[in-house]
Every structure is written in structure tokens, then in C-alpha cells.
Amino acid sequence: MSEIAIPGLPIDSSLIVPLMVLHLIIGGIAAVVASRKGRNLGLWIAIGAIGGTPSLIAALLLEDKS
């Protein structure tokens, strides 16, 4: 079992791809949530791809544009 050396957090290399996919799925959900609240979908796809879970939290906290 190979591990990536991250100080204090050994991560099995077989988890990297599933975690990246999960990160992108959560970011995609953030983009959809933000889009339904009247925000720019393209911008939020980029934000979601970079931010993952924090971007989902931010999108959930957005107010609807009227």
C-alpha cells in the first residue's frame, strides 16, 4: 500500500481519484444551487471545481436574486 506523504495525514494513493471525483461532484452541485438562485452557472462551475465543499456551503447561503 503506497502512501503520499502529507504531514500528519497519510493518504492511501488509491483514494486520490475517488476523492477528486467527489470534490468535483460537490462543486457541480454548488454550481447548480447557485444557478437556481440566479447566479452565473459558468462562474460557479469554476468556483465549485476549485472550492468543492466550501463552495457548496457558500452557494447554499446565497440569497435568491430578484
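Here is a short friendly exchange about how the terms for this predicted model are applied.

User: Before we start, what should I keep in mind about the numbering and the model?

Analyst: Residues are numbered from 1 along each chain as its sequence is written, and side-chain values use heavy atoms, leaving out hydrogens and water. The model is predicted, so local features need pLDDT of at least 70 and side-chain atom pairs count only at pLDDT 80 or more, while totals for chains, interfaces and linings use all residues.

User: Thanks! Which elements does the protein have, and what makes a stretch count as one?

Analyst: The protein has three helices and two strands, in the order β-β-α-α-α from the N terminus. Helices are DSSP runs of H or I with at least four residues, strands are runs of E with at least two, and both are numbered from the N terminus.

User: Why is α2 called oblique to α3?

Analyst: Helix α2 (residues 41-51) and helix α3 (residues 53-61) pack at about 135°, their axes 6 Å apart. Axes are lines fitted to C-alpha atoms, for helices over the stretch in contact, and angles run from 0 to 180 degrees between N-to-C directions. Under 35 degrees is roughly parallel, over 145 roughly antiparallel, 65 to 115 roughly perpendicular, and the rest oblique. The angle of about 135° fits none of the named ranges, so α2 is oblique to α3.

User: Which residues make that contact?

Analyst: From α2 come W44, I47, G48 and G51, and from α3 come T53, P54, S55, A58 and A59; contact means heavy atoms within 4.5 Å.

User: Why is S55 called buried?

Analyst: S55, a residue of helix α3, has a relative accessible area of 3%. Buried means under 20%, exposed over 50%, and partly exposed in between, with a 1.4 Å probe and protein chains only, so at 3% S55 is buried. Not counting residues up to four places away in sequence, S55 touches G27, A30, W44, I47 and G48.

User: How do you know that the buried residues of α3 are on the same side?

Analyst: In α3, S55, L56 and A59 are buried. They cover an arc of only 105° around the axis, which puts them on the same side of α3; the arc is that of the directions from the helix axis to the C-beta atoms. These buried residues pack against α1 (16-36) and α2.

User: And which exposed residues are on the face turned away from that buried side?

Analyst: That face of α3 carries the exposed residues P54, L60 and L61.
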